[in-house]
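I opened this entry to keep a record of what I looked up, and in what order. My topics were the ligand surroundings, the nonpolar core and one pair of helices.

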Amino acid sequence: MKSCERLTGFRRNVTERTQDFRAVGIAVSKSASGFDVQLPRSLKAERRGDIAVLFLARAEKRNAIDDPTVSGIEAFFAALPDAIKAVVLAGEGDHFCSGLDLGELTSRDIAQGIAHSRSWHRAFERIEFGKAPVVAVLHGAVVGGGLEIAAACHIRVAEASTYYALPEGSRGIFVGGGGAVRLPRLIGTARMMDMMLTGRIYDADEGQAIGLSHYLTAPGQGLAKGMEIAERIAGNAPMTNFAVTHVLPRIAQADPASGYLTEALTSAIAQGEKEAKDRLKAFLEKRAPKTVRH
Ligand code: 1HE
């Protein structure tokens, strides 16, 4: 067992995890795709080597996220097999995601609204602080809750058709999927205010310029680029991926003194791993690639 897996309890056995899901009412079975979780019809998962690809698969509703989809996302990321080293999240059809299923919203009272928002928080926390880095592949509408789920991922690849909006303002509601926390970190509170107050829509180029995406691709090239990035991530030392996705965001929010200390501890832990020693030795013996610009 790798030490980062011990830290997070990631190697808890499948039976133990299965009991957790049953406790929260999520049906669990070994699905055909090789994942230990039964997904709702609105999600499809594929395994490509050590990469998992999860598709929002409700194209007829523009991948609007309903309650079963939220539960399915939570269950999928919680039950990710240990062998999966990175995840790609993409959307079927012409749009990545049209956000919250607006049809479900009308029937909720205030208490149910709070519980609903908290269920999104739990699910997206599984993405942000889960077992493996997640690459989102965006195209078409990335709006409302669609932008919130994209913001919970670690890397965003946007096809040229991508556009971003927060139509909550015009719908008389507010973000509820963690966007109020994650989006200001990505683009700043002022830009988020503008998006929500005026309904401003950013296209793919503008989104890239303000930091909504990391990579831009031509139409139809997003998944290939997302897979290429996921494979590169999967090739990193597991402790480095753990430190980058779990520790770095905490350091970034900490007071500087705590941040420097946590950085020193994390740095020492990472370099103490055998994997780090092997990789450093490989470079010194000229067996590892140099860091050059191609
Ligand atoms: C939906 C949803 C949805 C489509 N909930 N059903 N999100 C929004 O405010 C965006 C709302 N959606 C749209 O603006 C458009 O649908 C799109 C620009 C994304 C796509 O347009 P288009 O012309 O391709 O599709 P369409 O004809 O509008 O939609 C196809 C079907 O999907 C249609 O249903 P049908 O039964 O008439 O076929 C739509 O009603 C349905 N559909 N989007 C429910 N979002 C945790 S808080 C998060 C808060 C938010 O996310 S607010 C933002 C919500």
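The notes below follow that order, and the model they describe is a predicted one.

Ligand shell. I began with the residues around the ligand, of which there are 23, and found that G99, L100, G144, G145 and G176 come nearest. I then asked which helices and strands each supply at least two residues of this shell. They are α4 (102-105), α5 (110-128), β5 (141-143) and α7 (168-171). Sorting the shell by residue class, I noted 9 nonpolar, 9 polar and 5 charged residues.

Nonpolar core. Next I turned to the largest nonpolar core, which has 65 residues, and listed those with the most contacts inside it: L54, F76, V88, L89, V135, A136 and V142. Strand β2 (residues 51-56) gives this core its largest share, 6 residues. I followed A136 further and, leaving aside its neighbours within four places in sequence, found A136 in contact with L89, A150, C153, R156 and V157.

Helix pair. Last, I looked up how helix α12 (residues 238-253) lies against helix α13 (residues 256-272): their axes come within 11 Å and cross at roughly 175°. Because an angle over 145 degrees counts as roughly antiparallel, I entered α12 as roughly antiparallel to α13. On the α12 side of the contact I listed M239, T240, A243, V247, R250 and I251, which meet G259, T262, E263, T266, I269 and A270 in α13. By class, the residues of this contact divide into 6 nonpolar, 4 polar and 2 charged.

Note on methods: Residues are numbered from 1 along each chain as its sequence is written. This is a predicted model: local features need pLDDT of at least 70, side-chain atom pairs count only at pLDDT 80 or more; totals for chains, interfaces and linings use all residues. A residue is near a molecule or strand if its C-beta atom, placed from the backbone, lies within 6 Å of it. Helices (H or I, at least four residues) and strands (E, at least two) are DSSP runs, numbered from the N terminus. Ala, Val, Leu, Ile, Met, Phe, Trp, Tyr, Cys and Pro count as nonpolar, Asp, Glu, Lys and Arg as charged, and the others, Gly among them, as polar. A nonpolar core is a set of buried Ala, Val, Leu, Ile, Met, Phe, Trp, Tyr and Cys residues joined through C-beta atoms within 7 Å. A residue is buried if 20 or more other C-beta atoms lie within 10 Å of its own, exposed if 12 or fewer, and partly exposed in between; C-beta atoms are placed from the backbone. Two residues are in contact if their C-beta atoms, placed from the backbone, lie within 7 Å. Axes are lines fitted to C-alpha atoms, for helices over the stretch in contact, and angles run from 0 to 180 degrees between N-to-C directions. Angles under 35 degrees count as roughly parallel, over 145 as roughly antiparallel, 65 to 115 as roughly perpendicular and the rest as oblique.
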